[in-house]
Amino acid sequence: MEKEFQHHLSRMPENSAIKQQKLPAHRLHFSNQAIFTIFFATGAFCFCIGIILLLSAWKVQEIEINYTNICEDCAKMRENALNFDKQCTCSIPFNLQKTMKGDVYMYYKLYGFYQNLYRYVLSRSHNQLMGKDVRDVKDCAPFKVTSNKIPIAPCGAIANSMFNDTIILSYIRSTSEHIQVPMLKTGLTWWTDKYVKFQNPSFRNLSDHFVGTEKPPYWQEPIYELDTSDPGNNGFLNDDFIVWMRTAAFPTFKKLYRRLYRVKYFSDGLPAGNYTFDISYNFPVTKFQGEKAVILSTLTWNGGSSIFLGLAYTVTGVFLWMSSFALMAIQGKMRKKKLSHRR
Amino acid sequence: MSRSWLLCGMKPLQGSTHFSLGNQKVEKRMGCQQSLQSSEVLKVRTIYINDPLKNTFCTNSISTTKYSKWSFLPRYLYLQFSKAANAFFLFITILQQIPGVSPIGQYTTLLPLLVILAISGIKEVVEDYKRYMADKVVNSKTTSVFRQNSWHVIKWHEVNVGDIVKTLNEEFLPADMILISSSEPQSMCYVATANLDGETNLKIRQASLEVAGIIKEGQLVNLDGKIECEEPDRQFNNFVGTLYLRGKSPISVGPDQMLLRGTQLKNTQWIIGVVIYTGFETKLMQDEDMHYEQNDLYAMARTSNLNEELGQVKYLFSDKTGTLTCNTMAFKKCTIAGIIYGNHSDNTDDGNENLSRASFCEFNDPKLLENFEDGHPSSEYIKEFLTLLCVCHTVIPERCGNDILYQASSPDEAALVKGAKKLGFVFTTRTPYSVTIEVMTETHTFEILNILEFSSNRKRMSIIVRTPAGHLRLYCKGADTVIYERLSKDSLFVEDTLKHLEIFATEGLRTLCIAYTDLTETEYQDWLQEYKKASAVSQNRIQRLEECYEIIEKEFLLLGATAIEDRLQANVPETISTLLKANIKIWVLTGDKQETAVNIAFSCKLISSTTPRIYLNADSFEAAQQTINHNCGDLGNLLGKENDLALIIDGETLKYALRFEIQKKFLDLALSCRAVLCCRLSPLQKAEIVDLVKKHEEAITLAVGDGANDVGMIRMAHVGVGISGNEGMQATNNSDYSIAQFRYLEKLLLVHGTWNYFRVTKCILYSFYKNVVLYIIGLWFSFVNGFSGQIIFEHWCISLYNVIFTSLPPLTLGIFEKCCSQKSLLEYPQLYTVFQTGEMFNTKVFWIQCINALIHSFILFWFPTKMLEHDMILRHGYTTDYLFLGNFIYSYVVVTVCLKAGLETTSWNRFSHVAIWGSIISWILFFSVYSFFWPIFSVAPEMTGQINMVLSCPHFWMGFLLVPTTCLIQNFFWKLIKNTYKRGLLEEIQELESRKDSILEHSEIFEKRMTAASLAVSFSTQPCEIFFRDDSVDLSAPHGYAFSQTEGAVVTQEELVRAYDTAKMENSRISKRSSDFSEIF
């Protein structure tokens, strides 16, 4: 009712392209020709990449030996926890028909072990592993403290369940000459793990710093005795420990165990011939219907012998080609229809 | 329901049975809502005049704000959490606070929720502040009040009950008042009530004669007494009170003495009144009060889907006065002695010109004057015709310098008199018993003997005069039907005039037939005897008088007819035809008369002359039921389909038609008609109709109006549009959108509605899509983690997904996306139907999008999973962890989802590019930085080092190319197939736009467009071929008669005319006016 209400000027929206919705805009529009070309070219590209990937995957040499059943006796023995202090070794001979050229990596592989379980993943203390406070066991349930209320170091379910089989590879040059293949037990971890996420309280007198803590219940030695020979590989900085602590995405996973030390006979890789895995069998898997295996593999620029990516590219490429032909056919049909319609 | 105005009792009345019981019941029920009036005994309020201290009632300040300082927080929180979405997130937040329950941490929902609450809180505060400022403007308007023995100018909010207030011409009344005296004779005053009831004619109020003389300060000082009246209620036309003045007998006062807040003083120099109701207790504001209450609860929840609704409007309810019309009348054409005059060229003025020229008369045919002056055979008739226009009316002339202004309660008469003036027949002076006109510098005085008053029954008014030559003559103007009945056999030009009337009517002009008859002395004297007898009767006097008029109104000689244009707002017919093409049904709901509404329907091309018109005018429920049933029967199979029919119903009949028993039938009938005109509606009925359609039809309704009487329907409809026009701000204040003119609806609906609907649709679908894609991945991951609830992504990455990494694409889609250009949308209104029918967004579309998202999430999870399953993917044989996979997937998700937005975008601008590429880059940047947080900040230790390992992994880049391509190529493919095979109107036009050589293809589009058009509306070409048996259907050519005049007012037309003596008033008036001013200031 009131004239004063009509502040026309102040209400006038700003006359900018945005507010007036007049921003310069363009529409993506492709001709049929262009679409056909895009499909065809993308298809060709994918197909080529796919073939390259497949070829490189086929070049990889890989041996996997599942020793769950081979070491059945040990497996049985480990099902009973009371046998924890008994040693059980198992040796698995195998023959390498072709030389594994270049760097050779040894992995262990667990089947059916859910390292990605919600509560398992949480059960670790980052502060403790950084060496800041070895008694910090806040997030480590259900392995925070022992029955005597002593904090566990390293605490948590992940650490407690650490893989503790020892696998030794021997090269049998002749029936008499068994040579233990030289393997490196360091350099297995991400740089950030070794230098950021995992730190010992101190290098010297490591054991002193763990006074007042207890080893995890399933462990045989305390953390500061994981590798007494190499202080750089001991305590929280132990490579096997660090590798284990990086929780895998799938219930079946591999973890890097050793790298071939390329000296003497092995400077080119693993020569063809007979070998033996001597495994001291500590890690029980049959209890949870799991399995374990040891793997020797070379790597290419693109990793191991997985062919999935190559296949996926190839299939996508083929599909795109097919699509482009289908599109061409459809368009041809429509054009004919249109022409006949006009007549 | 949410926005019901006046309908405080609506909630319990939802069953609609109650509605049909009519206004009375509803109003009664409403009454009980008010605590003031809760007891059945009418409470009485006593007001001490001019003694504010004794009166303790509410102040005159109004506040329409939603919050106060203290109520803000609790109320705001309550409103926010009554929204389902917010309540849901609150619930999630609370759950997350329980340790161990949430896999994604305690704050990941809380923080975003707080941000959202803060932003909408700021918005609320700003909006409320605007309301506060608007109230402040109203509250600080000034008026004059008589206090301490002199006039003071005070602000509106300082006005108290009992104050004596003086209001000047054209001012709005600050509060509800009792009229004490005015500048006009017999203490009359005119008020424009358009604001309250939408009626075009001015209302006359008259003070009780006992107090009418109280004008001077001295008298006001001595004005001592009290008013007893009812407690405030919200019925505009009800008021009972008694004025007790010391030393005088009690004077009863009623609605005729009542001046309401929100009305405007017109044609009256000033009035003096005593304030009786103030602030929220005024009749106007009491309603308003409830509006805001209702608004509080519902407006918030509605706003989110409002823009989208603009694109789907199916029913448009429009007010007439001020919305379709300018509410100005112009004498446009006439036919005299069988010759048609008037300008034939089309007037397509734009709005501004319209306004400035509104007061001018449009008649500009020089031929008329030529014929008159050059002694054309018809020149005598022309003279008689124009003389009649000058003499036969109730207009009061007012000299203003050299110019003469005309005061009239009837806008038609004002237009005619002005028209005559322009043609040289100037009406100059009115005395109680004569009228003086000036023709070519000659002065003629007509003695007015009798005035045979206008009533809507009679549809005519006559005046018996003694001409300057001494003859007795009866001049009459009225509806063609009544005049033609009374024509003498000797009357000429009957056929020609009838033809011309038809032409006028088809153009939507308001026509009046002009006729006269000469009386003999004896004839007149005989009649006068009868007339005196009839005037003396106390019972049924009006009826007796009308019978008496009949006796003398006969043997008319036809002179011709006038055609008055009820000016339409600019481009109304064009807009209406465009909206009709867009398949929007237009209903005109007006408080004005039936004839007027029909006229306007013609003039704005809502109906054509061949459209059969169904008139529903019944005076009882049975009659209404019968008519409706008959018509439904006649329609037969066509019932429920759209026919080229017009339905015209009045408020009285609507009351019956809305009764539960026949409501559905009535609606069926109404929906079968292309145009529906509802006349003489109360504001409540307007809202009821909208409610009826809203309830029974699953369609979006839009109401547009400009007056307070439209507020009801504006709030009731899904979308309320207020025209910020002459009738005030109530409509605008209560609307969702306010526009300046009706014609902007076209752009609002067709362009902004369509764009918004398109945008909202895309935005919603896309938001669903991107969230489904991300969160379903969690489901896939459960299959490999033993359903333990482990999340594959880092907590904050998930939380920031909707806040940063994919926040911009839906925004650009929602803000800048355009389906096609404004030009195309206006050029092809049929495009609107694509959106109206919900093809763009329905359950099917929704599920298709969800399934698409499911497929994408499947690919996005399982491809990387299969890639990484082998574990030996990094140089140096390093193995990875679950988060490594998570980061692969997350990166691919962001890329895919952003590119999907690109695929959805039809209109690319720089913001689209920023949104799409920027989002992808933002994730990579965040990922890089975030990987170095630990241990500097104690978050995300798992992320440490991820960036190096992920980016240095060849698999990542291989997947980066492959995975999004695989996801999107299928969308692209299907889109191509759809574009080739099943192309709609929208796609055609889109292609047309993107092509340069558009001329070639234009004809093709046009074909398509025509088929779409035939789908939507096909009226004008085919006439209706239904055989109607019911006599309520009018198949004849339209009659253009319409005339608005105050009826049944305190002051009869005769009294009004007899009251003025402008010859005497001239001098005294000017001096009086100047003294008034000196009194005030």
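Is B:His876 buried, partly exposed or exposed? In this predicted model, B:His876 has a relative accessibility of 39% and therefore counts as partly exposed, since that class lies between the limit of under 20% for buried residues and that of over 50% for exposed ones. The residue is situated in the loop of chain B that runs between helix H32 (843-868) and helix H33 (882-904). Its backbone is also notable in one respect, in that phi of B:His876 is near 65 degrees, a positive value in a residue other than glycine.

A positive phi value is likewise found at B:Lys459, a residue other than glycine, where the angle is near 55 degrees. Here the setting is a loop between two strands of chain B, namely E21 (442-452) and E22 (460-466). With a relative accessibility of 27%, B:Lys459 falls between the 20% and 50% limits and is therefore classed as partly exposed.

These two residues belong to a chain of 1081 residues, of which 61% are buried. The secondary structure of chain B comprises 40 helices and 33 strands. When the contacts in chain B with a separation of 6 or more are considered, 74% of them are accounted for by residues 24 or more positions apart. The area exposed by chain B amounts to about 42400 Å², and carbon and sulfur atoms supply 57% of that area.

In chain A, the backbone features concern peptide bonds that precede proline. A cis peptide bond, with omega about 5 degrees, joins A:Ala141 and A:Pro142, and A:Pro142 lies in the loop that connects helix H5 (126-129) with helix H6 (157-160). A cis peptide bond also joins A:Ala153 and A:Pro154, with omega about -10 degrees; the position of A:Pro154 is again in the loop between H5 and H6 of chain A.

Chain A also carries annotation from a sequence record, as the unreviewed UniProt entry lists residues 34-58 and residues 307-330 under "transmembrane region". In the model, residues 34-58 of chain A are 100% helix and 0% strand, and the C-alpha atoms at the ends of this span lie 36 Å apart. For residues 307-330 of chain A, the corresponding values are 96% helix and 0% strand, with the end C-alpha atoms 34 Å apart.

Technical notes: Residues are numbered from 1 along each chain as its sequence is written. Chains are lettered from A and ligands numbered from 1 in the order in which they are written. This is a predicted model: local features need pLDDT of at least 70, side-chain atom pairs count only at pLDDT 80 or more; totals for chains, interfaces and linings use all residues. Side-chain values use heavy atoms; hydrogens and water are left out. Helices (H or I, at least four residues) and strands (E, at least two) are DSSP runs, numbered from the N terminus. Buried means under 20% relative accessible area, exposed over 50%, partly exposed in between (1.4 Å probe, protein chains only). UniProt positions are given in the numbering used here, feature names are shortened, and annotations may be inferred rather than shown by experiment. Contact means heavy atoms within 4.5 Å. Accessible areas come from the Shrake-Rupley method with a 1.4 Å probe; for residues, only the protein chains shown count as cover.
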